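Hi,

Here is the structure I promised to pass on to you. Have a look at it first, and my notes follow underneath.

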Amino acid sequence: MIEIKKIDNKSAATAVIAKFNLIAHSEDIVMGVFQGVDIVGAGALSLWGTKVYLSDLKMDSENDNITMLLSLARSLLFHADLKGIKTIYVRNKDIFHVCKLLKFKESGEELALDLEGFFTSECE
């Protein structure tokens, strides 16, 4: 069974960031993808200036597939939405392909997604 959950412990978050070489810090919101007790992927939301960024998404080589990456990204976006964050940005070009599938739009050198209605509107 696959489970995606927030990693609240700062030392655990630091270990996950190092394991997956995430563009993130232990103060960021870090979520892990767990298969039983094993962590097989991770992602992070980061506050940079006045904006919140989906800073990174990574899976280990055995579990690296678009479905898992999309699920991880949606979990991070849902967490942001629950916290009242209205717009999420992306600078990391390595995850642009995933974000564009989630309807992020180009905004200069980065991508942006308005979360207003994102989880309540009907699927296209």
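Let me start with the sheet. Strand 3 (residues 38-48) pairs with strand 4 in the antiparallel sense, over eight bridges. Two strands count as paired here if DSSP finds at least two bridges between them. Helices (H or I, at least four residues) and strands (E, at least two) are DSSP runs, numbered from the N terminus.

Before I go on, please keep in mind that this is a predicted model: local features need pLDDT of at least 70, side-chain atom pairs count only at pLDDT 80 or more, and totals for chains, interfaces and linings use all residues. Residues are numbered from 1 along each chain as its sequence is written, and side-chain values use heavy atoms, with hydrogens and water left out.

Back to the hairpin. Two residues lie between strand 3 and strand 4, and glycine 49 in the turn has a positive phi of about 65°. Across the pair, alanine 42 stands opposite lysine 58 of strand 4. Strand 4 (residues 51-59) is mostly covered, with seven of its nine residues buried. Buried means under 20% relative accessible area, exposed means over 50%, and partly exposed is in between (1.4 Å probe, protein chains only).

Strand 4 also runs parallel to strand 5 (residues 87-90), and two bridges join them. One residue to look at there is valine 52, whose bridge partner in strand 5 is isoleucine 88. To get from strand 4 to strand 5, the chain passes through helix 2 (residues 66-82), and this β-α-β crossover is right-handed. Right-handed means that, with the strands pointing away from the viewer, the path from the first strand over the helix to the second runs clockwise.

Helix 2 itself has 17 residues and reaches 24 Å from its first C-alpha to its last, close to the 24 Å expected at 1.5 Å a residue. The expected span is 1.5 Å times one less than the number of residues. Its buried residues include Met68, Leu72, Leu76 and His79. At the N-terminal end, asparagine 65 acts as a cap, with a side-chain oxygen 3.1 Å from the backbone nitrogen of threonine 67. After the helix comes glycine 84, with a positive phi near 85°.

Now to the loop between helix 1 (10-20) and strand 2 (29-35), where leucine 22 is found. Leucine 22 counts as buried because its relative accessibility is 6%. Leaving out residues up to four places away in sequence, leucine 22 touches Ile17, Ala42, Gly43, Asp56 and Lys58, where contact means heavy atoms within 4.5 Å. Serine 26 sits in the loop between helix 1 and strand 2 as well, and with the sequence neighbours up to four places away again left out, serine 26 touches Lys10, Ala13, Thr14 and Ile17.

Asparagine 21 belongs to that loop too. Asparagine 21 is not a glycine, although its phi is positive at about 55°. In general, most residues other than glycine have a negative phi. Lysine 103 is another non-glycine residue with a positive phi, near 80°, and its place is in the loop between helix 3 (96-101) and strand 6 (105-107).

How many salt bridges does a search of the whole structure find? There are six, a salt bridge being a side-chain nitrogen of Lys or Arg within 4 Å of a carboxyl oxygen of Asp or Glu. In one of them, the side chains of lysine 51 and glutamate 110 meet at 2.7 Å, N to O. That pair links distant parts of the chain, with lysine 51 in strand 4 and glutamate 110 in strand 7 (residues 110-114), 59 residues apart. Lysine 51 is partly exposed at 29% relative accessibility, while glutamate 110 is buried at 11%.

Another salt bridge joins lysine 86 and glutamate 116, with the closest N and O atoms 3.9 Å apart. Lysine 86 lies in the loop between helix 2 and strand 5 and glutamate 116 in the segment after strand 7, so this pair ties together parts 30 residues apart in sequence. Lysine 100 and glutamate 106 form a salt bridge as well, their closest N and O atoms being 3.5 Å apart. Finally, Lys51, Arg91 and Glu110 are joined into one network by salt bridges that share partners.

Enjoy looking through it!

Best wishes

Notes
Polar contact = N/O pair within 3.5 Å; in protein donor to acceptor, adjacent residues only side chain to side chain.
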